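Me: I have a model open and want to learn to read its features. Can you take me through them?

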Amino acid sequence: MSEMYIEEIRKFLPHRYPFLLVDRVTECTPGESITAIKNVSVNEPHFTGHFPQQAIMPGVLIIEAMAQLSGILGFVTVGRKPSDGVVQYLAGSSKARFKRPVLPGDQLCMESELISGKRGIYKFECRAL
């Protein structure tokens, strides 16, 4: 599977504006890995209050973007979609580190690799650059 544009992404994620945080999947290998981009725009609602004088994308939204990307990989891997009545949840995060702020105008390049999966519980290793 190669690129996935927003119309296809919406089939694999139940999220919608302003909480859909994956703009384009650039590569996807079901059961293995996925890469995508998120274009960061000053017009996004969280920048109104975070922070008014120096807009910075909240770290929790960067983690959410990677969780959404991992969700797409999970759905593609099992061949299902949210429209099938399947729901996926973020159950935890560990070893999160933020090395520099993400600012309006940046392009967040995200990667997610499927590490393990058992009984509907998946573990991914992700990074955003």
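What follows is a set of short questions and replies on this structure.

Reply: One caution before we start. This is a predicted model. Now pick a feature.

Me: Start with the inside. How many residues does the largest nonpolar core have, and which have the most contacts inside it?

Reply: The largest nonpolar core holds 28 residues. Those with the most contacts inside it are Ile9, Val22, Val25, Met57, Ile72 and Met110.

Me: Which elements give two or more residues to this core?

Reply: Two helices and three strands are on that list: helix H1 (6-12), H2, strand E1 (24-29), strand E2 (33-39) and strand E3 (107-118). H2 gives the most, with nine residues.

Me: Take one core residue. What is methionine 57 in contact with, leaving aside its neighbours within four places in sequence?

Reply: Methionine 57 is in contact with Lys38, Val40, His46, Phe47, His50, Ile62, Val102 and Leu108, with those sequence neighbours left aside.

Me: Now a polar residue. Is glutamine 68 buried or exposed?

Reply: Read the relative accessibility. Glutamine 68 is at 2%, so it counts as buried. Its place is in helix H2 (residues 59-78). Leaving aside neighbours within four places in sequence, glutamine 68 is in contact with Leu13, His15, Phe19, Leu20, Leu21 and Val22.

Me: Next, charges. How many salt bridges does the structure hold?

Reply: The general idea comes first. Side chains of opposite charge can pair when their charged atoms come close. This structure holds four salt bridges. One of them joins lysine 11 and glutamate 8, at 3.4 Å from N to O.

Me: How are lysine 11 and glutamate 8 placed in helix H1?

Reply: They are three residues apart, so about one helical turn separates them. Lysine 11 is partly exposed, because its relative accessibility is 44%. Glutamate 8 is partly exposed too, with a relative accessible area of 27%.

Me: Which residue does glutamate 44 form a salt bridge with?

Reply: Lysine 38 is the partner of glutamate 44, and their closest N and O atoms are 3.0 Å apart. Both glutamate 44 and lysine 38 are buried.

Me: And what does arginine 100 pair with?

Reply: Arginine 100 forms a salt bridge with aspartate 106, with 3.5 Å between the closest N and O atoms. Arginine 100 is exposed, at a relative accessible area of 54%.

Me: Where does the charged end of lysine 81 sit?

Reply: Look at phenylalanine 12. The charged end of lysine 81 sits over that ring, 5.3 Å from its centre.

Me: On to ring pairs. How many aromatic pairs does a search of the whole structure find?

Reply: A pair of aromatic rings is described by the distance of the centres and the angle of the planes. The search of the whole structure finds one pair. Tyrosine 122 and phenylalanine 124 have ring centres 6.2 Å apart and planes at 35°, so the pair is tilted. Tyrosine 122 is partly exposed at 30% relative accessibility. Phenylalanine 124 is partly exposed at 24%.

Me: Last, the cysteines. What does the disulfide count come to?

Reply: Zero. Check the sulfur distances against the 2.5 Å cut-off. For cysteine 28, the closest cysteine sulfur is in cysteine 126, and 13 Å is too far for a bond. Cysteine 109 is in no disulfide either; its nearest cysteine sulfur, that of cysteine 126, is 14 Å away.

Me: Are cysteine 28 and cysteine 109 buried or exposed?

Reply: Cysteine 28 is buried, at 1% relative accessibility. Cysteine 109 is partly exposed, at 34%.

Technical notes:
Residues numbered from 1 in each chain as written. Predicted model: local features only at pLDDT ≥ 70, side-chain atom pairs only at ≥ 80, totals over all residues. Heavy atoms only, no water. Helix = DSSP H or I, 4+ residues; strand = E, 2+ residues; numbered from the N terminus. Buried < 20%, exposed > 50% of the residue type's maximum accessible area, 1.4 Å probe, protein only. Contact = heavy atoms within 4.5 Å. Phe/Tyr/Trp six-rings, centres within 6.5 Å; stacked < 30°, edge-to-face > 60°. Lys NZ or Arg CZ within 6 Å of the ring centre and 35° of its normal. Core = buried A, V, L, I, M, F, W, Y, C linked by side-chain atoms within 4.5 Å. Salt bridge = Lys/Arg side-chain N within 4 Å of Asp/Glu carboxyl O.
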